[in-house]
Amino acid sequence: MSAVTPKIRLRGVTKAFGPKVVLNGLDLDVWPGESVVVIGGSGTGKSVLIKNIIGLLHPDSGTIEIDGQEVTHMNAREREDVTRKFGMLFQGAALFDSMKIWENVAFGLIQAEGARRRDAKEKAIATLARVGLGPQVGELMPASLSAGMQKRVSLARAIATNPEIIFFDEPTTGIDPIMGSIIDQLIVSSVKDMGATALTITHDMDSARRIADRIAMIFQGRIIWSGAPDEIESSGNPHVKQFINGEAHGPIQMQIRA
Amino acid sequence: MPILAPIGRVTIAFFAVIGRVSIFTGHSISHCVRPPFFPRQILRQCIEVGFYSLPVVGLTAIFTGMVLALQSFTGFSRFSAESAIPQIVVISITRELGPVLAGLMVAGRVGAAMAAEIGTMRVTEQIDALTTLSTNPFKYLVAPRLIAGTIMLPLLVLIADVIGVLGGFVVSVFALNFNPSAYLNNTINFLEPIDVLSGLVKAAAFGFLVTLMGCYHGYSSQGGAQGVGQATTNAVVSASILILLFNYIITSLFFTI
């Protein structure tokens with residue numbers, strides 16, 4: 001596998017906010033077509049990791065490569081070209097609440113790819129159908145949808161432009177287990193159908209097992225373990241064991257006071 | 001030395017804010033003049049800033065013109081200068097009251113709404129979503145608002161000027177028994193292009209400042225509903241102060257240099 005260029009490669013990525021070091025020399029490779037799930041407790045830097053890769057944050061040091069291209073020092077225009085490869089499902093869906101559902105899904109097609117509104121609407125309705133939503137939903141506003149439906153719309157928006165890399169930020173947070181399972185299945189089928197590479201962050205272990213080709217655990221700003229989902233129970237790593245079993249006592253000391 | 005530390009902190013914080021606003025302003029202006037443009041967004045903001053502000057600006061202008069005529073009459077009658085009322089009304093409205101009051105009303109209506117909308121988009125990650133959809137938030141959110149504010153406020157002020165003078169005319173003719181044609185003649189003959197032009201230049205500056213403050217505070221908001229509320233307040237307060245400050249600066253540039 002080492003002869004292939006990783007789709008995403010991070011080396012020694014560091015990010016601090018004031019005195020708080022969130023990413024501390026993090027290394028990670030995500031290979032083409034692979035679905036990697038990064039697990040870890042709240043506040044361990046999972047979202048910061050994704051935001052650094054996407055370009056919403058800039059690392060203090062280290063390198064981030066997309067398709068072998070170092071992106072941390074790119075100018076805005078070069079960065080925009082790289083961003084066209086991305087799709088993202090946000091934790092809170094982040095739908096544009098002033099637009100109809102179909103306009104949300106078609107946004108990337110119209111603004112980034114310059115598609116005509118009529119064509120983009122047809123594509124948006126077809127993409128909504130892929131995530132199990134009928135054409136009538138396209139005419140609704142985001143506020144009139146449930147959290148689960150909003151996640152599905154957000155997934156449709158993320159895949160509408162057929163991105164090469166899709167990021168999923170806590171895809172099952174805030175929705176019931178059945179809808180969570182449906183969202184996971186949609187993620188797996190969407191990613192496999194498109195042949196996309198996926199990087200997901202979550203602390204939902206059921207979701208991680210369903211989505212992942214490989215699971216990586218982040219702790220104190222570094223990846224401390226990485227392996228296939230069926231290896232995680234026998235990882236031999238006490239941090240991983242404590243996390244997946246949800247044990248209060250162990251090497252991970254949760255901060256319970258501010 | 002304990003007194004120096006807080007003074008230093010406040011001074012550093014003040015200059016940090018000035019620096020952030022300056023960078024935001026430069027960044028915003030550069031996106032206003034570089035393609036791609038979003039004409040649909042610009043049109044939408046023009047309607048929002050211009051058309052929907054018309055009732056509140058019009059009402060403000062007409063009552064201001066009416067009160068101005070009434071107050072001028074009661075004051076000027078003390079030294080028999082009532083005949084100057086048409087001139088006082090038209091010069092006050094076009095040079096000062098039209099642009100300043102319209103600016104303040106638009107700051108309260110539009111600046112607050114922009115800060116709230118963009119602030120909500122910030123805290124709900126909608127602005128991050130724009131970036132992941134290869135759309136620069138400055139181009140899509142900020143530039144259309146700045147362009148709309150700078151174009152539409154002069155148009156609003158032009159209408160406010162007419163309505164304000166009309167308000168003064170109505171009170172003067174129907175309540176103070178002025179001759180209508182003499183009133184209009186005095187108004188038109190006394191008015192010079194620089195009076196209107198200075199007001200429109202002020203209006204363009206105020207429109208830019210109001211929308212800039214709305215966008216800046218919305219874009220910088222943090223921490224959920226409380227942060228958005230704070231951003232809204234800050235947008236209105238800072239825009240109002242800047243309007244009064246720049247009103248003095250532009251007035252002195254036009255009429256004292």
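Trainee: Which residues does A:Leu199 touch, not counting residues up to four places away in sequence?

Mentor: In this predicted model, A:Leu199 touches A:Ile8, A:Leu28, A:Val30, A:Val36, A:Val38, A:Ile50, A:Ile53, A:Ile166, A:Phe167 and A:Phe168. A contact here needs heavy atoms within 4.5 Å.

Trainee: What makes A:Leu199 stand out in the largest nonpolar core?

Mentor: That core has 77 residues, and A:Leu199 is among those that touch the most other members, along with A:Ile8, A:Leu10, A:Leu28, A:Val38 and A:Phe167. The largest share of the core, 13 residues, comes from helix 6 (residues 137-174) of chain B.

Trainee: Which residues belong to another core, apart from that one?

Mentor: Another core, of 47 residues, includes A:Val105, A:Leu133, A:Ile183 and A:Met205. As a general point, nonpolar side chains tend to be buried together in soluble globular proteins.

Trainee: Let's turn to chain A as a whole. How many helices and strands does its secondary structure have?

Mentor: Chain A has eight helices and ten strands.

Trainee: Why is chain A called as compact as a globular protein of that length?

Mentor: Compare two values: the radius of gyration of chain A is 18 Å, and the globule rule gives 18 Å for 258 residues. The two are close, so the chain is as compact as a globular protein of that length. Its C-alpha atoms fill a box of roughly 55 × 40 × 40 Å along the principal axes, and buried residues make up 52% of the 258 residues.

Trainee: What share of the contacts in chain A between residues at least 6 apart in sequence join residues at least 24 apart?

Mentor: That share is 66%.

Trainee: Now chain B. Why is B:Ser198 called buried?

Mentor: Buried means under 20% relative accessible area. B:Ser198 has a relative accessible area of 0%, so B:Ser198 is buried. This serine is found in helix 8 (residues 193-219) of chain B. Leaving aside neighbours within four places in sequence, B:Ser198 is in contact with B:Arg95, B:Phe254 and B:Phe255.

Trainee: And B:Ile42, at 17% relative accessibility: does that count as buried or exposed?

Mentor: Set 17% against the cut-off of under 20%, and B:Ile42 counts as buried. B:Ile42 lies in helix 2 (residues 39-49) of chain B.

Trainee: Which residues does B:Ile42 touch, not counting residues up to four places away in sequence?

Mentor: B:Ile42 touches B:Pro144, B:Ile147 and B:Ala148. The C-alpha atoms of B:Ile42 and B:Leu141 are separated by 9.4 Å, and these two residues are 99 residues apart along the chain.

How values were computed. Residues numbered from 1 in each chain as written. Chains lettered and ligands numbered in written order. Predicted model: local features only at pLDDT ≥ 70, side-chain atom pairs only at ≥ 80, totals over all residues. Heavy atoms only, no water. Helix = DSSP H or I, 4+ residues; strand = E, 2+ residues; numbered from the N terminus. Rg over C-alpha atoms; globule rule 2.2 N^0.38 Å. Buried < 20%, exposed > 50% of the residue type's maximum accessible area, 1.4 Å probe, protein only. Core = buried A, V, L, I, M, F, W, Y, C linked by side-chain atoms within 4.5 Å.
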